[in-house]
Amino acid sequence: MKNLFLLVLLSGVLLSCNRSGGGDITYKNAYNVSLNGLNKKRGEVSALIAFQNNYESTDFKLKDVNVDILVDGIDVGTYFSTQPVSIKAQSEAKVPLSYSIDNSKLQNEDGSYASSFVVELNGTATFTNSNGVEEAISFKHKETIQPVVPKKQRKNAREEKVTSSDKDGDDTKLKRSEVRKLQKMKRRQGQE
Amino acid sequence: MLLLVSFTDDKPVQDPYFVKMKGFKVLSFNLQKIEIFSTSVFYNTYKNKARLQEVDVDVYLDGKLLGKIVNQDDVAIPKLSAFDVPLLFKLEPPGPALRNSLWQGTKLLTGRKVKIKYEGFIKLRVVGIIPIKVKFEDEILYGLY
């Protein structure tokens with residue numbers, strides 16, 4: 001009886017020593033979700049997916065991550081990576097995601113794009129520690145984003161706006177540079 | 001010699017591989033046609049772009065061979081990236097395949113799950129022709145989920 005008690009006690013101690021303590025790895029959020037390169041043939045969806053390691057003293061490494069990417073409900077592809085990202089005990093790690101997409105899937109019939117898109121990231125990340133213990137974390141993220149428009153394209157759009165307003169006969173609106181020129185001319189006339 | 005060295009440098013440690021299957025849809029299962037759609041995801045381990053050369057995948061329902069997927073879309077495969085290969089199984093008219101899988105069809109139409117298995121390979125044209133094994137088993141329902 002005494003031996004049995006000792007055995008139970010010993011196994012209890014061993015089990016508690018074996019425990020890494022704390023909890024598990026959890027998905028926190030997805031940051032910087034963006035959609036770039038809509039002016040090109042292929043665009044790019046990028047994001048940072050954050051995980052929290054709640055273990056007291058066990059470090060983990062990312063084994064693999066696969067994420068189904070949906071834009072406005074359309075499956076644009078699956079991101080998969082085996083790049084090792086380490087996540088230390090009681091800290092956060094961000095896994096970068098970057099996936100090239102076919103822009104034609106997002107175009108309207110006239111070739112234009114919507115002003116905003118709903119991006120969904122549904123995936124699973126598998127982490128492993130030095131003992132080979134694996135933890136798989138599923139996550140879902142949904143966010144409405146505005147696509148990143150390059151500077152040059154923004155400038156062109158502005159210029160188009162100005163020229164279209166000129167065409168409408170709206171002469172009262174002058175460009176800043178033209179206003180400055182007029183002011184200079186007036187000053188010169190005044191000096192003379 | 002230099003060419004040989006550059007070729008061996010490009011060869012990855014691991015060959016391209018099958019990652020997962022997603023988006024199962026049993027579009028129709030009747031006397032006129034059987035249509036089952038899914039998307040398989042693979043990973044290109046090469047530092048080179050590739051193209052899909054061939055698809056040869058057998059489809060089984062509850063262990064019974066339904067037919068073969070050999071159709072292929074022109075899939076552009078980026079380097080060091082995951083890529084989707086759409087797999088459309090289509091039999092029109094289904095004929096003997098439907099007779100053999102009448103029980104599975106009844107199960108599907110009455111809202112019950114049926115075991116589906118994909119087994120075969122796809123071939124990539126990269127630094128040569130690279131076959132990738134496809135083996136996947138799951139349960140499907142009629143419609144989409």
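**Fold, interface and core of the predicted model**

In chain A, 71% of the contacts between residues at least 6 apart in sequence turn out to join residues at least 24 apart. This comes from a predicted model, so everything here is read off computed coordinates. As for what makes up the chain, chain A has three helices and eight strands. Walk along the sequence and the order is α-β-β-β-β-β-β-β-β-α-α, with one helix ahead of the strands and two after them. Burial comes out at 20% of the 192 residues of chain A.

Turning to where the chains meet, eight residues of chain A are in contact with nine residues of chain B. On the chain A side, two elements give two or more residues each: β3 (60-71) and β4 (74-81). The largest share belongs to β4(A), which puts in five residues. By residue type, the chain A side that touches chain B splits into two nonpolar, four polar and two charged residues.

Then there's the nonpolar interior. The largest nonpolar core holds 58 residues, and its members come from chain A as well as chain B. Which residues touch the most other members of this core? They are Ile69(A) and Val95(A), along with Val59(B). Zooming in on Val59(B) and skipping its neighbours within four places in sequence, its contacts are with Ile36(B), Leu66(B), Gly67(B), Ile69(B), Phe89(B), Ile116(B) and Tyr118(B).

Methods: Residues numbered from 1 in each chain as written. Chains lettered and ligands numbered in written order. Predicted model: local features only at pLDDT ≥ 70, side-chain atom pairs only at ≥ 80, totals over all residues. Contact = placed C-beta atoms within 7 Å. Helix = DSSP H or I, 4+ residues; strand = E, 2+ residues; numbered from the N terminus. Nonpolar A, V, L, I, M, F, W, Y, C, P; charged D, E, K, R; others polar. Core = buried A, V, L, I, M, F, W, Y, C linked by C-beta atoms within 7 Å. Buried ≥ 20, exposed ≤ 12 C-beta atoms within 10 Å, placed from the backbone.
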